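Q: Hi! Could you walk me through how the chains in this one fit together?
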Amino acid sequence: MKRSWALYAAAVAGYLFLYVPLVIVVVYSFNDSRLNAEWVGFTFDWYRRLFANDEMIQAAVNSLAIAAVASLVSTVLGTMAGFAMHRYRSRLLPVLVLTPIAIPEILMGVSLLLFFVLLNFTLGIVSVTLAHIAFCIGFVAIVVRSRLAGMDESLTEAARDCGATPAQAFRLVTLPLIMPAVIAGALMAFTLSIDDFVITFFTAGAGTQTLPLQIYSMIKISVTPEVNAVSTLLMLLTLVLIVLASKLAPGALRTS
Amino acid sequence: MRWKPRGGSMPGTSSPAEGAGVSASGARHPSWQARDRGTGRWLVSGPPLAYLLVFFAIPALIMVVASFTPPGEYGGLAPLFEDGKANLTLEAYERLAGDPIYWEVFAKSVVYAGITTLCCLVLAYPLAMLVARSPRKYRDLLMLLVILPFWSNFLIRVYAWMIILGPQSALSRAVNAVVEPLGFEPVSLLFSSFAVLVGLVYVHLPFMVLPLYANLEKHDPALLDAAQDLGANAWQRFWRVTFPLSLPGVWAGAALVFIPALGIFAIPDILGGTEDTLIGNLIKQQFLETRDWPFGSVLSIVLTAIALALAGLAAWVSRPRRTA
């Protein structure tokens with residue numbers, strides 16, 4: 001089909017709009033100047049400062065720990081939800097799984113804040129993790145359900161007809177077949193958790209820092225290349241996870 | 001759409017009996033079909049259902065109840081029961097209804113989200129169209145390139161615009177190099193409504209590209225050939241064939257951009273000036289600074305109602321139609 005130059009130009013402009021800002025963040029993280037204004041010279045100073053910043057290290061450790069637990073639990077629960085949504089006709093489950101994704105994040109943040117405070121549940125790493133699990137379940141469930149929808153159902157049936165219990169049929173036939181989607185879902189959940197700002201902001205309380213919260217408080221005060229450095233590392237981590245997830249379950253990332 | 005069997009499969013026959021509760025394939029697997037519907041179902045759907053009831057549905061219900069309580073003496077909530085009777089009031093709702101300032105904030109948020117949606121549509125359309133018309137083997141890669149920025153941290157993407165629009169940036173200096181000789185005051189790009197809109201568009205763009213691409217990819221190129229054979233030029237082919245067919249994708253994308261854009265607070269917080277207060281900022285303020293939780297809950301409930309109504313509307317407008 002003939003493509004016009006105008007379409008090309010507009011699309012290239014679109015890609016530039018998406019990537020130039022991120023490239024600028026990365027480039028200035030190596031810039032030997034306090035101002036993110038012009039290129040002065042190459043340095044690793046901002047990274048060195050980052051690794052000497054105890055608060056930042058603590059925030060990174062918190063973020064990784066929360067993401068590890070949240071992705072693990074939400075992958076198990078999300079896989080169950082995806083399986084249940086595929087196999088059984090339920091009205092309530094899809095609503096509970098999909099609404100958290102469809103409404104603005106702040107709503108889940110403030111309602112969980114109310115919930116934890118009324119229960120006298122101390123805000124901190126645990127409350128953040130519980131909140132992250134709740135919003136990650138939906139993403140995992142969607143990926144798993146779409147994999148199940150594309151799967152040949154007769155394989156599981158054959159297993160059942162041959163005398164497998166439902167648990168055996170799931171463990172020996174269904175699970176290996178949907179494994180790539182499950183792993184992709186886990187990687188997505190990890191990424192969503194480590195990147196989440198809004199829900200964390202409301203459920204973390206005063207004393208707990210995560211990387212996004214740390215970045216937020218830094219950029220509220222001033223723009224410093226240290227933020228560029230931590231941003232670059234965080235982007236690198238997400239890039240690896242997401243490219244990996246997209247290899248395991250092509251199309252999975254579009255479900256959001 | 002692939003026919004999706006639920007219990008068992010009988011290739012080639014869709015089973016209308018399914019809806020009536022009698023699976024057409026039930027007879028094929030009499031031994032385990034019925035049992036699966038019982039305990040197995042609750043073993044699998046029970047845990048995620050329970051989790052989401054506790055950590056999503058109950059907090060939402062608490063918020064509804066909180067919206068009807070008076071504020072506590074030291075912020076937060078007043079006790080629900082006092083002197084043996086329920087302590088309920090419509091105070092917070094009356095406050096919202098009675099003060100036009102809040103309605104202005106809602107209106108402003110709707111306008112910002114609307115402009116964001118339109119800008120995203122204009123930017124996303126050529127992107128989605130180019131990818132949809134690329135050779136099949138490149139499409140996945142090109143789409144991955146659109147989605148990747150979405151998966152990088154939200155704050156980093158907003159921060160990038162702090163750098164680009166900041167007073168020392170090349171862009172700001174270039175703009176002022178043009179503006180100042182003309183006798184105008186130097187312009188500040190950052191901390192303005194413009195910066196907020198740029199941030200909103202940038203963050204939400206992938207949400208528009210995805211559904212548009214999913215729609216455009218399915219178009220039959222023969223339609224455009226036919227239009228061309230009948231004498232339509234490129235402009236007419238777009239407005240009379242491609243665009244009308246893509247409307248379900250446009251509506252889906254509009255919902256995916258508009259709804260989250262409506263509740264955002266961090267972008268006005270970081271990129272906006274003092275007048276750029278949106279609903280999200282108001283809600284955050286009520287919960288964390290003023291600590292008037294009942295009023296914060298009322299604002300959140302109104303926002304939820306708007307979001308759900310719009311999501312329903314978009315689903316209704318873009319529903320599959322037989323005559324399309």
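A: Happy to. Let's start with a pair of helices from the two chains: α10(A) passes α5(B) in a left-handed crossing. Keep in mind that this is a predicted model.

Q: Okay, and at what angle do α10(A) and α5(B) pack?
A: About 20°, with the axes 10 Å apart; α10 covers residues 211-221 of chain A, and α5 covers residues 154-165 of chain B. Angles under 35 degrees count as roughly parallel, and α10(A) and α5(B) are therefore roughly parallel to each other.

Q: Which residues in α10(A) and α5(B) meet?
A: From α10(A) you have A:Pro212, A:Ile215, A:Tyr216 and A:Ile219, and they meet B:Leu155, B:Ile156, B:Tyr159 and B:Met162 of α5(B). By class, the residues of this α10(A)-α5(B) contact are eight nonpolar, no polar and no charged.

Q: Nice. What else does α5(B) pack on within chain B?
A: Helix α7 of chain B, residues 193-216: the axes of α5(B) and α7(B) come within 10 Å and cross at roughly 140°. That makes α5(B) oblique to α7(B), and their crossing is right-handed.

Q: And who makes that contact between α5(B) and α7(B)?
A: On the α5(B) side it's B:Phe154, B:Arg157, B:Val158, B:Trp161 and B:Leu165, and on the α7(B) side B:Phe194, B:Ala195, B:Val198, B:Tyr202 and B:Val203. The contact of α5(B) with α7(B) divides into nine nonpolar residues, no polar and one charged.

Q: Back to the two chains. How does α1(A) pack against α3(B)?
A: Helix α1 of chain A (residues 5-28) and helix α3 of chain B (residues 100-132) pack at an angle of about 110°, and their axes are 8 Å apart. That makes α1(A) roughly perpendicular to α3(B). The crossing of α1(A) and α3(B) is left-handed.

Q: Which side chains should I look at there, in α1(A) and α3(B)?
A: α1(A) brings A:Leu7, A:Tyr8, A:Ala10, A:Ala11, A:Gly14, A:Tyr15, A:Phe17 and A:Leu18, which meet B:Leu123, B:Pro126, B:Leu127, B:Met129, B:Leu130 and B:Val131 in α3(B). Sorted by class, the α1(A)-α3(B) contact has 13 nonpolar, one polar and no charged residues.

Q: Zooming out, how many residues of chain B are in contact with chain A?
A: 94 residues of chain B are in contact with 92 of chain A. Together the two chains bury about 8700 Å², and 75% of that is on carbon and sulfur atoms.

Q: How many salt bridges are there between chain B and chain A?
A: The count is one. A:Lys220 pairs with B:Asp269, with the closest N and O atoms 3.9 Å apart.

Q: And over all chains, how many salt bridges?
A: Seven in the structure. One to look up is A:Glu153 with A:Arg87, where the closest N and O atoms are 3.8 Å apart.

Q: Where do A:Glu153 and A:Arg87 lie?
A: A:Glu153 lies in the loop between α6 (125-149) and α7 (154-161) of chain A, while A:Arg87 is in helix α3 (residues 54-87) of chain A, so the pair ties together parts that are 66 residues apart in sequence.

Notes. Residues numbered from 1 in each chain as written. Chains lettered and ligands numbered in written order. Predicted model: local features only at pLDDT ≥ 70, side-chain atom pairs only at ≥ 80, totals over all residues. Heavy atoms only, no water. Axes fitted to C-alpha atoms, helices over the stretch in contact; angles between N-to-C directions. Helix = DSSP H or I, 4+ residues; strand = E, 2+ residues; numbered from the N terminus. Parallel < 35°, antiparallel > 145°, perpendicular 65-115°, else oblique. Left-handed = near helix turned anticlockwise from the far one by under 90°. Contact = heavy atoms within 4.5 Å. Nonpolar A, V, L, I, M, F, W, Y, C, P; charged D, E, K, R; others polar. Buried area = accessible area lost by both parts, 1.4 Å probe. Salt bridge = Lys/Arg side-chain N within 4 Å of Asp/Glu carboxyl O.
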